[in-house]
Amino acid sequence: MSDLKNLRDLTLPELEELAVKLDEPISRAQQLFSRLYRPLPNSFCQMHNISKKFLAKLNEVSFIGEMKLQQKEMSRDGTTKYAFILTDGNIIESVLIPSNGRNTLCISSQSGCAMGCKFCLTSTMGFKRNLQPSEIVGQVLFIANELKSNKNNYINNIVFMGMGEPLANYDNTLKAINILQDEKGLGFSDRKITVSTCGITPKIMELAKISGVNIAISLHAVDEETRTEIMPINKKYPLQDLLSCCSELSANQQRQILIEYILFKGINDSEADATKLAEALEGFNCKINLIPYNEHPALPYQQSTPEVASKFMDILCKAGHLTIIRHSRGSDISAACGQLASKEK
Ligand code: SF4
């Protein structure tokens with residue numbers, strides 16, 4: 001294994017540290033950092049405006065990693081799924097969802113996932129490995145460059161809702177967010193980035209203390225037993241603690257939390273469940289996304305009927321909760337929520 005550093009794994013302060021080690025002024029690192037996130041600087045020789053002496057020193061200790069596209073599929077509804085092959089052969093997927101003239105990019109934070117949610121196709125892959133910051137940011141960079149060159153278009157929002165649990169790859173997720181937000185990097189503001197978690201309670205609080213990005217909680221059930229059945233992580237981080245954490249976030253941090261609730265037929269979609277959910281979230285500053293389940297032959301769950309979903313939403317709305325039903329995009333190419341899984345296992 002090479003000791004060379006991938007420069008796209010480094011935040012700006014880390015790159016500045018490297019410049020100092022190489023006996024170069026910090027300003028060179030700042031110049032280089034902004035070049036790394038502009039189109040096409042995939043080798044040192046393409047960086048015409050950076051000092052040749054600095055580039056020669058960097059060439060000894062580092063390289064500029066780039067993402068390799070394996071496959072791209074487009075759905076009937078315009079959603080595009082990108083599969084990237086990593087240097088070790090693992091595959092990750094990202095999904096670009098255009099809607100009303102805006103583009104949302106759903107990115108992966110791990111290859112596979114260890115959380116074992118019973119309804120999710122990614123969990124059937126098992127856990128392969130954590131992504132490096134460059135592999136997380138690389139998905140955004142690749143697709144942003146493609147959009148810019150094809151249609152002079154850009155990414156409006158980034159959601160960490162692809163493969164993996166971002167808070168189980170906490171340090172690299174944080175570094176990636178740092179690079180995505182740095183004005184010399186990709187310049188995404190807090191409100192343009194959403195980190196979605198299955199409920200790793202201590203890390204949610206840690207993230208909320210140091211970052212203003214949006215936080216989405218995959219709740220999916222309002223009693224411990226059902227949640228543990230469909231999301232085994234609930235044994236380690238119980239629902240009650242997760243709800244207390246959400247309450248603290250909305251009270252102390254004055255954040256609007258996004259609550260995600262997939263409707264599974266006969267499991268969590270009764271009127272009693274809706275009432276319980278409304279009560280559990282009473283007083284929270286939150287928005288509830290109800291998500292019709294995307295069925296898959298390999299998984300045992302079924303989608304609730306539209307009538308049941310609509311009744312469920314009515315109950316939440318009547319209780320004063322801002323609620324929408326989020327319709328799935330890209331299900332014909334297995335790009336919808338919970339459908340990401342590499343075909344090579
Ligand atoms: S739903 Fe998210 S956390 Fe759960 S197994 Fe799938 S990718 Fe992992």
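**Where the two domains meet**

Between domain 1 and domain 2, four residue pairs are in polar contact, each with both partners at pLDDT 80 or more; the confidence value is given here because this is a predicted model. On the side of domain 1 that touches domain 2, the elements giving two or more residues are α1, which spans 12-21, and α2, which spans 26-36. Of the elements on that side, α2 gives the most, with four residues. Sorted by character, the residues on this side of domain 1 comprise seven nonpolar, four polar and four charged.

To place this interface in the chain, domain 1 covers residues 5-63 and domain 2 covers residues 68-333. The contact between them draws 15 residues from domain 1 and 14 residues from domain 2, while the C-alpha centres of the two domains lie 33 Å apart.

The area involved can be described as well: domain 1 and domain 2 bury about 1200 Å² between them, and 61% of this lies on carbon and sulfur atoms. Of the area that domain 1 buries against domain 2, D9, T11 and Y37 supply 41%, which is more than any other three residues contribute.

Charged groups also take part, since one salt bridge is found across the interface of domain 1 and domain 2. A salt bridge joins the side chains of E14 and K175, with a distance of 2.7 Å from N to O, and the domain bounds put E14 in domain 1 and K175 in domain 2.

How values were computed
Residues are numbered from 1 along each chain as its sequence is written. This is a predicted model: local features need pLDDT of at least 70, side-chain atom pairs count only at pLDDT 80 or more; totals for chains, interfaces and linings use all residues. Side-chain values use heavy atoms; hydrogens and water are left out. Domain bounds come from an automatic or database domain assignment. Contact means heavy atoms within 4.5 Å. Buried area is the accessible area (1.4 Å probe) that two parts lose on being put together, summed over both. A salt bridge is a side-chain nitrogen of Lys or Arg within 4 Å of a carboxyl oxygen of Asp or Glu. A polar contact is a pair of N or O atoms within 3.5 Å; within protein, one must be able to donate a hydrogen and the other to accept it, and residues adjacent in sequence count only if both atoms are side-chain atoms. Ala, Val, Leu, Ile, Met, Phe, Trp, Tyr, Cys and Pro count as nonpolar, Asp, Glu, Lys and Arg as charged, and the others, Gly among them, as polar.
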